[in-house]
Amino acid sequence: MYTDILSSLGGLNNYKNEINVQVQLHKQFTRCYFEFIRNTLRDFVPNRINHKLVNFVLKKFDKKLKADVFMPLINNPSSEGLLVEKEGVREERQHKVLLLNAVNKALKSLHEIQRQ
């Protein structure tokens with residue numbers, strides 16, 4: 001009987017409409033919030049993984065550098081063997097220089113072809 005009285009006055013319909021609007025608004029806010037969280041995680045997780053991998057590689061590189069380069073110099077302070085190349089290094093370096101020159105010539109040719 002109470003609902004009949006309110007509905008005849010129009011108060012109940014307005015109340016239901018207001019509640020319906022509020023529910024829809026809360027649904028939209030919740031949907032937007034979860035979309036924001038999903039996008040944040042989608043961006044955060046790969047960046048965090050990259051950060052961890054880079055730090056891991058840097059730490060490994062630092063340990064290897066200390067063990068193979070700095071510690072032998074500290075333990076054996078004589079600099080006689082420091083500038084001596086190992087066997088075959090000179091030939092390999094010259095070969096790499098020739099390869100680098102060939103690649104540079106090829107790139108120069110490609111740039112000339114693109115200009116035409």
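## Salt bridges and a greasy patch on helix H2

Arginine 38 is partly exposed in this predicted model, its relative accessible area being 46%. Let's start from that residue and work along.

**Exercise 1.** Find out which side chain arginine 38 pairs with in a salt bridge, and describe how the two sit in the helix.

*Solution.*
- Start with the cut-off: a Lys or Arg side-chain nitrogen has to be within 4 Å of a carboxyl oxygen of Asp or Glu.
- Glutamate 35 fits the bill, with 3.3 Å from N to O, so it and arginine 38 make a salt bridge.
- Now place them: both are in helix H2, 3 residues apart, or about one turn of the helix.
- Finally, check the cover. Glutamate 35 has a relative accessible area of 32%, which makes this residue partly exposed.

**Exercise 2.** Work out which aspartate goes with lysine 66 and which with lysine 64, then say how exposed each partner is.

*Solution.*
- Take lysine 66 to begin with. Its salt-bridge partner is aspartate 62, and their closest N and O atoms are 3.4 Å apart.
- These two are 4 residues apart in helix H2, so about one helical turn separates them.
- For accessibility, lysine 66 comes in at 43% and aspartate 62 at 35%. Both values fall between 20% and 50%, so both residues count as partly exposed.
- Next up is lysine 64, which bridges to aspartate 68 with 3.1 Å between the closest N and O atoms.
- Here too the spacing is 4 residues in helix H2, about one helical turn.
- Lysine 64 reaches 53%; that is over 50%, so lysine 64 is exposed. Aspartate 68, at 45%, is partly exposed.

**Exercise 3.** How many salt bridges does the rule give in total?

*Solution.*
- List the pairs: glutamate 35 with arginine 38, lysine 66 with aspartate 62, and lysine 64 with aspartate 68.
- The count comes to 3 salt bridges.
- As for the chemistry, oppositely charged side chains can pair when their charged atoms come close.

**Exercise 4.** Explain why isoleucine 49 can belong to a surface patch, and name the residues in that patch.

*Solution.*
- Locate the residue: isoleucine 49 lies in helix H2, which covers residues 11-75.
- Check its accessibility. Isoleucine 49 is partly exposed at 46%, and a patch residue needs over 30%, so it clears that bar.
- Then name the group: Leu41, Phe44, Val45, Ile49 and Leu53 make up a nonpolar patch on the surface.
- Together they offer about 470 Å² of accessible area.

Technical notes: Residues numbered from 1 in each chain as written. Predicted model: local features only at pLDDT ≥ 70, side-chain atom pairs only at ≥ 80, totals over all residues. Heavy atoms only, no water. Patch = residues over 30% accessible without salt bridge, like charges linked within 9 Å, V, L, I, M, F, W, Y side chains within 5 Å. Areas by Shrake-Rupley, 256 points an atom, 1.4 Å probe, with all protein chains shown as cover. Buried < 20%, exposed > 50% of the residue type's maximum accessible area, 1.4 Å probe, protein only.
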